[in-house]
Amino acid sequence: MASEEQSRMAQSIRMHLAMETEDVLGRISMDEAPQAMGYFYRKLRQFFQQPEGLGHFDKPGIGTFCAQVPLELIEAAGARPVRLCMAAGIWDQAGGELLPAKSCSVVKAMAGMAASQLFFSGVCAVVAPTTCDGKKKCADLIETMGIAVHRLEMPPSKLSRAARNYWRESVETFMAQLQGWTKQKITRKSLHTAIHRRLMATEQFRRLCRLQTKGVLRAVDYFLVTQTGFFDDVEAWTLALSDLCAELEARVAEGRGIEKQNRPRMLLTGSPVLFPNIKVPLWIEQAGGPIVTDELCSATDMFHDAPAYDETCLHDMVSALCDRYLSPCVCACLSPNPDRIRKMISLCRQARVDGVVYQTFSGCLSYAMERNAVAKALADEKLPLLYIETDAGFEDQGQLSTRIDAFIESVQAKRRNF
Amino acid sequence: MPYFVGIDIGSAGIKAAAVDEAGNLAGFAVCPTGGSFAKNAQKAFEELLQQLCMRREDIARVVSTGYGRKLFKPADEFVSEITANARGAFRIDAGVRTVINVGGQDVKVIRLNEAGNVVNFAMNDKCAAGTGRFLEMAARILEFNVDQLGELHAEFQGVPPTLASTCAVFAETEIISLLAAGHPKPQVIAGVHYSIARRMAGLARTVGVADVIFFDGGPAENCGLVEALRNTLIRKIVVPHLPQITTAYGAALTARASEASPAADVRR
Amino acid sequence: MRKLREMLDKADINQFRFWTQIFFFALFIYGGWWALNWSERLPVFACAFVQDRCGSCYLLGLQHQMTAPVSRMFSLAGLGILTGFLTFLIWFVLLNKAWCGYACPLGTLQDWITKIRSGIGVRRSQYSETGFKRLKRIKYALLILLILIPLAIGNTIFGSGLSHEFEIPFCMICPGRTVLPIFNADFSQLMIDFSTSTKMILTALGMAVTGGFFVGAFVKKRFFCLFCPMSALQYLLSRLSVLRLVKDGGKCTRCNNCVQVCDVGIRQIAENMEKGDILQDDCMLCLKCVAACPENDCLQLKFLNIPVFRSTDTGFFCRMEKKERGI
């Protein structure tokens, strides 16, 4: 029986996933973890190990790909968004049977996740922006598994008038589809509330980023916070985030933890850091280089921007959301993509970065291809760059941690000589 | 007189080196890594102590490096093998700007500046293609010892055959098919060396190659490989007196330097 | 000092503008009651047809002065034109285009009409991007015409001089002339003058523009300003002003918030990353863009190079929270 086989596979993947998340969380030392981080560890454990136990499952879940889906619309329609970009090794492996071995591990992991049906019990449909080829084909694959997929058509560029009009129409189609799914109308009021909730979340996230540049929060913790934001209820997340910020601010006031400020300050960019694959930030941090800022669609690029509108009418709010999710987007799938380098340099200046670590998943061609342009721009800024190509698993620890260690040592040596 | 020790725990061998206050090499010990890092590292360390006629307490500082650096508990601090290698090479020859190191499971190319600091480096990814492991594999298939490869290389004449892959796993089938095609063994060995050299040269170009190349790591003792690299990069290749222990030496120098300014880089 | 800075950063610019506009409106419409008279050369539509005004629009004077023969202009009488222009320039240099956004009574009137529209829940209409680019040129044409037509009166260009009825061609079609006196309970301008055919045509045109003004201002924000020749003249001189709108492209994330809140829909402010001086010809320095920008110091209003109002992260969220409470 195919379905029995399927459920056996799902059960096995589930067990391995629980093992994997436990292994990863176990690698994070709890000694200097802020108390308020407990919420995030708990949520992640719950989500990856007993997803049924999460509190807000009363609302229908809408799975999303990438960072270009206007989440406010989903919330305004009475659903809860769950960003499905997660890169567990076990999913990667399961997805490897469905997609070519050379495709990137995020895409494979998402296919594997769909095959194991773990999160799809609570998720009634999936929204996939047409970003890179991998994600597009992954959406096609998921659709064949009997999951409702809406393709949020994204223009290949964001600068032209045609692109803006196309995107606007695409978002409006998406709205109609959403309301069809949830049978709930997006009203002026519900959208305004949803936007406001996300605004509050953004405000707290920015507060965390400011603390991050002071080096008081470990990079792994920072990425666990953003990862929790993928599926958690916004209001609960915002609250927990504000508690965390308050605790960290108290630490700063006491002068605790900020000695890391004088370590080589790193910026992480490239393919996203997606739980449970947090090895690169883990090793960077262990090598003694705090990640003070990042340009990743799983962190800053997802939570940093906030929409604004003058008149509180539905049309203008949707218009603001359209711009919020397309215009500041610096995903490497866009062509041209001048803003990514500009943003990175601006972040480097603001956070006084000493070196940049550029990670790509093997198979994530768009990011790999942008590497040289980024390297050149950073060289002009006299910033060293470490390029890492990696996958979801921990098997390349030896090679990678040596490279990361050596990179941070060389940045340190350079700083000392100045 | 205080001594400083560096221990390089590599994937193939563990190398321990001691330097005196002036930074001169005082002694060294080498033993294979085997299955247990910590135990064999301890063994190499003790061997070195014996050689110096000293006890652990007499050693001012120990720095570990290499693949297993974090597993060696007696170390006061650890440093990545790239930094250690650069330091050792720069101390041996201050004119060094490019270092190529071939280890048991990796190939590294390091660029230095005038101050001896690492400015850039390249390293192979996960797989062990073109590394010491590949040489060992080739030697085993050809039924020689790794040390003999250099001499045998000298015997070859004409044009060596090309090996398409430097993969340690594929090597077997490829070498066997070359032998089956009637290539004499020295020819095949030369082919192996040239294919490694090509790979090293490719890696070296990504970080930039200086006029003189400092070539170290165990396989640098293999004069056939040195010749292949020289002919591939068309540059002068300098091989130090003891190529295998350059990294351990660099780690020992790091120990000496941190002792001089303890606040500088303590990571424990 | 830091307190003041913080207060300015968090300032609710819309509220500030609302009250400033009321102040200037009262001044330009009823200022005469207090026997105020500022100047006849104001860079704003303080319409001379309003009886109780406290100053008047420079365009009226400019048109009058242009009716003189060219030979006279280069004599001592030219000095009058020059001083007139200089007076205008001094006024203008102080506030730049903020005259439009904060002082112009015709602009204020349009903002009030907008308030009524959004109050009853009708959404605004916007130009297409190409349409906007095409239409914005009209104001320069009007500016050239309002100088050339009076010139043709005192100088024989078409064989004989033009009739004196064309003395103030722009004022004849300007909605300021017809609408603003209403606030003085003066409806005399709201009519078509049938005395001569020229007057009939001009006043009829004026009435048509007035009708268009109300309809346009209801559906679009600042409808008339897109065609305003005063705006064109100001933009030509805006480089000389001590008040500047400055953008630091390095800090911009292209989030487009500035365009979203812009009443006129200026795209340049979001799209231009190189130009420091970001002021555009349709801009009225209402500063909504600065208030809506969440990046620290990305947009700044500078007076004599001192930042007066700047975009800040905290200010942005503070204002957005206020907006939430407001609904």
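Student: What makes the contacts of chain A join residues far along the sequence, and what share is at least 24 apart?
Tutor: Two residues are in contact if their C-beta atoms, placed from the backbone, lie within 7 Å. Take the contacts in chain A between residues at least 6 apart in sequence: 74% join residues at least 24 apart. This is a predicted model, where local features need pLDDT of at least 70, side-chain atom pairs count only at pLDDT 80 or more, and totals for chains, interfaces and linings use all residues. Residues are numbered from 1 along each chain as its sequence is written, while chains are lettered from A and ligands numbered from 1 in the order in which they are written.

Student: How do you know whether the radius of gyration of chain A agrees with a compact globule?
Tutor: The radius is taken over C-alpha atoms, and the globule rule is 2.2 Å times the number of residues to the power 0.38. For 418 residues the rule gives a value near 22 Å; chain A has 21 Å, so the two agree.

Student: What share of chain A counts as buried?
Tutor: It is 57% of the 418 residues. Buried means that 20 or more other C-beta atoms, placed from the backbone, lie within 10 Å of the residue's own.

Student: Why are β3(A) and β4(A) called paired?
Tutor: Strands pair if DSSP finds at least two bridges between them. Strand β3 (residues 123-129) and strand β4 (residues 148-152) of chain A have five, in the parallel sense. One bridge joins Val127(A) to His150(A).

Student: Which chains have no contact with each other?
Tutor: Chain B and chain C; their closest C-alpha atoms lie 28 Å apart.

Key
A residue is buried if 20 or more other C-beta atoms lie within 10 Å of its own, exposed if 12 or fewer, and partly exposed in between; C-beta atoms are placed from the backbone. Helices (H or I, at least four residues) and strands (E, at least two) are DSSP runs, numbered from the N terminus.
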